[in-house]
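Notebook open, coffee poured. I want to look up salt bridges, one helix and a pocket.

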Amino acid sequence: MTIAATRSGAPKNTAPAGDGTVQYLPVGPLELESGAVLPEVVLAYETWGTLNADGSNAVLIEHALTGDTHVTRGDAGGEPGWWEELAGPGSPVDTGKYFVVSINILGGCYGSTGPSTPAPDGRPWGSRFPLVTLRDSTAAEARLADALGIGSWHAVLGGSLGGARALEWAVSYPDRVRRCAVISVGARSTAEQIAFAQAQTLAIRQDPDFRGGDYYGGPRPDAGLALARRIAHITYRSAAELDGRFGRTAQEAEAPLTPGPLAGRGRYQVESYLDHQGNKLVSRFDANSYIAITEALMSHDVSRGRGSLGEALARATADFFVAAVDSDRLYFPEQSRELAAALPGDVPVHVIEAPIGHDGFLTEIGQLGDRLRGAFFA
């Protein structure tokens with residue numbers, strides 16, 4: 001599902017509309033790292049809790065690649081969020097104590113300006129949407145923080161792409177981030193990670209319905225987007241998880257190489273699982289946004305233009321919390337150790353023990369609850 005934000009106007013203060021309610025804020029024109037200019041940027045966001053008088057209790061939680069702003073249901077009830085074990089009433093990021101903000105990334109399809117939203121001529125941006133980087137997104141988010149009256153964040157945290165966004169915040173705006181949690185991501189996207197990402201974006205671009213990105217109003221490149229998700233999901237789960245969960249088991253009556261009326265190619269259970277994951281994403285996400293955000297993650301390099309990694313990270317003044325999933329084969333724990341070693345001071349790497357793989361940063365975040373509470377939210 002694509003949600004297109006169409007509001008425009010100058011940045012202004014926006015009163016919270018209530019826990020877990022999507023709001024939209026125009027933040028003005030934005031010059032991008034590429035030199036292109038988005039003439040009017042709107043960001044979608046949700047908040048929980050109440051900002052205190054001096055604005056010191058604000059916490060920014062950044063979503064991952066195809067995530068949205070709905071981190072938690074909070075006190076409002078309704079749909080569960082994707083990090084309920086981390087944020088909410090009584091959780092480590094207690095929404096009764098902290099003012100929690102989550103922002104849909106620039107280029108997204110859950111309300112922020114992206115390829116599916118109208119350009120100045122009223123037509124969707126489509127193929128005309130420019131390359132955006134994580135620094136571009138952070139610059140836009142800083143304007144939203146200004147409009148909400150947040151001079152500095154008590155903490156910024158996220159996992160995977162969200163962790164990369166959190167790290168970029170801490171380095172780009174060191175005086176505005178007092179604590180930073182970077183989970184399941186390194187200081188830069190490696191050649192292998194870029195290679196996996198390129199395979200995904202190419203799967204979409206080679207779908208005949210993609211039409212160079214100008215498919216709005218016609219058939220969508222669903223097959224390409226579903227294939228991209230299949231490729232991605234293989235990297236999100238460990239080999240042990242897939243083998244232990246599915247092995248070589250056939251999908252119900254579709255056993256490959258079985259004689260009889262249903263004989264033929266058939267499907268293994270793991271194939272059915274990947275089909276399900278691909279089709280599920282197609283029902284809720286925009287293919288152009290998938291490309292835009294994936295390419296933003298490909299651009300991730302906190303040291304780009306800032307000298308060595310140590311020199312780049314020396315700009316940050318935040319206290320850091322770094323964590324990795326022990327079975328992660330997308331962002332290997334070694335990348336988290338490299339990041340921690342390059343940060344100022346003695347920064348340990350906390351380990352999530354989860355056979356599932358990369359997605360353990362979502363499913364097993366509860367393992368870090370007490371440690372995060374003690375480090376950042378006591």
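Which residue's side chain meets that of Arg188 in a salt bridge? I looked it up: the partner is Glu338, at 3.1 Å, N to O. Note to self: this is a predicted model.

**Entry 1, the Arg188 pair.** The two residues sit 150 residues apart and link distant parts of the chain. I find Arg188 in the loop between strand E8 (179-183) and H3, and Glu338 in helix H9 (residues 333-342). Both ends see some solvent-accessible area: Arg188 is partly exposed at 25%, and Glu338 is partly exposed at 33%.

**Entry 2, staying in H9.** I also checked Glu334, which forms a salt bridge with Arg337, with 3.2 Å between the closest N and O atoms. These two are 3 residues apart in helix H9, so about one helical turn separates them. An α-helix has 3.6 residues a turn, so residues three or four places apart point the same way. Glu334 is partly exposed at 48% relative accessibility, and Arg337 is partly exposed too, with 44%. I then noted a network: salt bridges with shared partners join Glu33, Arg135, Glu168, Arg304 and Arg306. My search of the whole structure turned up 19 salt bridges.

**Entry 3, a buried pair.** Arg165 and Glu141 form a salt bridge, with their closest N and O atoms 2.6 Å apart. Arg165 belongs to helix H2 and Glu141 to helix H1, 24 residues apart, and the pair links distant parts of the chain. Arg165 has a relative accessible area of 1%, so I log it as buried (the cut-off is under 20%). Glu141 is buried as well, with a relative accessible area of 1%.

**Entry 4, H1 itself.** How far apart are the end C-alpha atoms of H1? I get 21 Å, which agrees with the span that 15 residues (134-148) should have at 1.5 Å a residue. Of those 15 residues, 12 are buried, so H1 is largely enclosed by the rest of the structure. Among the buried ones are Leu134, Arg135, Asp136 and Leu148. Their cover includes strand E1 (23-31), strand E2 (37-48), helix H2 (161-172) and helix H7 (287-298). Just after H1, Gly149 has a positive phi of about 80°.

**Entry 5, the largest pocket.** I get about 880 Å³ of space in it. It has 37 lining residues, and the closest to its centre are Thr66, Arg229, Arg284, Asp359 and Leu362. The lining splits into 16 nonpolar, 15 polar and 6 charged residues. Helices H3, H4, H6, H7 and H10 each supply at least two of the lining residues.

Methods. Residues are numbered from 1 along each chain as its sequence is written. This is a predicted model: local features need pLDDT of at least 70, side-chain atom pairs count only at pLDDT 80 or more; totals for chains, interfaces and linings use all residues. Side-chain values use heavy atoms; hydrogens and water are left out. The expected span of a helix is 1.5 Å times one less than its number of residues. Buried means under 20% relative accessible area, exposed over 50%, partly exposed in between (1.4 Å probe, protein chains only). Contact means heavy atoms within 4.5 Å. On a 1 Å grid over the protein atoms alone, a cavity is a set of points where a 1.4 Å probe fits but cannot get out, and a pocket is an open set with protein on both sides within 12 Å along at least five of seven lines; lining residues have an atom within 4 Å of a point. Grid points are joined across faces, edges and corners, and a volume is the space filled by probe spheres set on the points. Ala, Val, Leu, Ile, Met, Phe, Trp, Tyr, Cys and Pro count as nonpolar, Asp, Glu, Lys and Arg as charged, and the others, Gly among them, as polar. A salt bridge is a side-chain nitrogen of Lys or Arg within 4 Å of a carboxyl oxygen of Asp or Glu.
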